[in-house]
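The following questions and answers examine one protein chain. They proceed from single residues to strands, helices and the nonpolar interior.

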Amino acid sequence: MLTAAALVPDTALLVPGVGGRSDALVAGLREAALAAVAEVLATGPERVAVVAPAARSRSFAGPVRASLAGAGVPDAMLGWVVPGPVDAPVPAVASAVAVHLLARCGAGSPDEVVEVTGSTPAAQLLRLGAALVADGPTVLVVVGSLSARHGPDAPLADDPRAPGLDAACARDLADPTPAARARLAAVEPEQAAALAVTGWAPWQVLLGAADGARTDGRLLARAEPAGAAHAVFTWFTAGAAA
């Protein structure tokens, strides 16, 4: 069963040393992400799994090396010690960010790292979420962000549809009632892809994991550094709040 979930941004900037002088832009998001991970770990789960967006679907069982070399940042430049054995497999950058957060909160390597793509059918992602939490009380660290198309400084061209979709998704992620979860499940993957919403596929996995559970959510932080929208949430199932 799903005990709790921390929903954190997928930006490598959460790890000190990646952003250089722009580090201050994400300091609040970093603090909120660490707080969210610490809160959900306090439920004492039997299993911890990371769900993150990536260019291809794959999973890792056992330790991984949370290098951010894929983001062009050598390990020696990071402000945090890189978790994981040197010879362990290296996941995608978004997954590595989650592993860093877990390590900073005193957790070991997650039991499983699952990477998903936005081209995977929603029904398959929902089934994956249900399977992830089938073997006992499980905490998920769900990685993904809102739209990267806000204003002239955004990494991708500005899109006037971005604010509306972001507001709707953030509202439903912060208060995941059955109706809110139904709306999240109904978000079109094509629209999410067009607006560079990297959280769409991981959120579908989360919806599958939470299916049938009464869930309380909370927004811890939201910001748009350099035109990309990021937010941090926690979800707790009934009776599991820390």
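Q: Is cysteine 105 buried, partly exposed or exposed?
A: The structure is a predicted model. Buried requires under 20% relative accessible area and exposed over 50%. Cysteine 105 has a relative accessible area of 25%, so its class is partly exposed.

Q: Is cysteine 169 buried or exposed?
A: The cut-off for a buried residue is under 20% relative accessible area. Cysteine 169 has a relative accessibility of 3%, so the class of cysteine 169 is buried.

Q: How many disulfides does the count give?
A: A disulfide requires two cysteine sulfur atoms within 2.5 Å. By this rule, the number of disulfides is zero.

Q: In what order do the seven strands of the open sheet lie?
A: The pairing in this sheet is mixed. Its edge strands are S3 and S6 (215-223), each of which pairs on one side only. From one strand to the next, the twist averages 15°. The order is S3-S4-S2-S5-S1-S7-S6.

Q: Which residue of S5 is the bridge partner of valine 8?
A: Strands S1 and S5 run parallel and are joined by six bridges. S1 itself is mostly covered, with seven of its seven residues buried. The partner of valine 8 in S5 is valine 143.

Q: Which residue in S7 stands opposite alanine 6?
A: S1 is also joined to S7, by four bridges, and these two strands run antiparallel. Opposite alanine 6 in S7 stands threonine 234.

Q: Why is strand S4 described as largely enclosed by the rest of the structure?
A: Strand S4 covers residues 112-116. S4 is joined to S2 by five bridges in a parallel arrangement, and to S3 (residues 58-61) by four bridges in an antiparallel one. S4 is largely enclosed because, of its five residues, the number buried is four.

Q: Which residue in S4 stands opposite proline 53?
A: The five bridges between S2 and S4 join strands that run parallel. On the S3 side, serine 59 stands opposite valine 114, and arginine 58 stands opposite glutamate 115. Opposite proline 53 stands valine 116.

Q: What angle does the direction of helix H3 make with that of S4?
A: Helix H3 (residues 122-132) packs on the sheet and touches S2, S4 and S5. Its direction makes an angle with that of S4 of about 175°.

Q: Which strands does helix H4 touch?
A: Helix H4 (residues 162-174) also packs on the sheet. The direction of H4 makes about 135° with that of S6. The strands touched by H4 are S1, S6 and S7.

Q: Is arginine 127 buried or exposed?
A: Arginine 127 has its place in helix H3. Its C-alpha atom is separated by 20 Å from that of alanine 6, which is 121 residues apart from it along the chain. The exposed class begins over 50% relative accessible area. With a relative accessibility of 56%, arginine 127 is therefore exposed.

Q: Is arginine 65 buried or exposed?
A: Arginine 65 lies in the loop between S3 and H2. Its contacts beyond four places in sequence include Asp75, Val82, Pro83 and Pro91. Its relative accessible area is 16%, so arginine 65 is buried.

Q: How far is the backbone oxygen of glycine 84 from a polar atom of the side chain of arginine 65?
A: Glycine 84 is among the residues in contact with arginine 65. A polar contact requires N or O atoms within 3.5 Å. The separation between the backbone oxygen of glycine 84 and the side-chain polar atom of arginine 65 is 2.8 Å.

Q: How many of the residues of helix H7 are buried?
A: Helix H7 spans residues 200-209 and is mostly covered. Its buried residues include Trp200, Trp203, Gln204 and Leu207. Of the 10 residues of H7, the number buried is 10.

Q: Which residues touch the most other members of the largest nonpolar core?
A: This core contains 40 residues. Among the elements that each supply at least two of them are S1 (2-8), helix H1 (27-41), S2 (47-53) and helix H2 (93-104). Apart from this core lies another of 35 residues, including Leu2 and Leu165. The residues that touch the most other members of the largest core are Val8, Val50, Leu68 and Leu101.

Conventions:
Residues are numbered from 1 along each chain as its sequence is written. This is a predicted model: local features need pLDDT of at least 70, side-chain atom pairs count only at pLDDT 80 or more; totals for chains, interfaces and linings use all residues. Side-chain values use heavy atoms; hydrogens and water are left out. A nonpolar core is a set of buried Ala, Val, Leu, Ile, Met, Phe, Trp, Tyr and Cys residues joined through side-chain atoms within 4.5 Å. Buried means under 20% relative accessible area, exposed over 50%, partly exposed in between (1.4 Å probe, protein chains only). Two strands pair if DSSP finds at least two bridges between them. A polar contact is a pair of N or O atoms within 3.5 Å; within protein, one must be able to donate a hydrogen and the other to accept it, and residues adjacent in sequence count only if both atoms are side-chain atoms. Contact means heavy atoms within 4.5 Å. Axes are lines fitted to C-alpha atoms, for helices over the stretch in contact, and angles run from 0 to 180 degrees between N-to-C directions.
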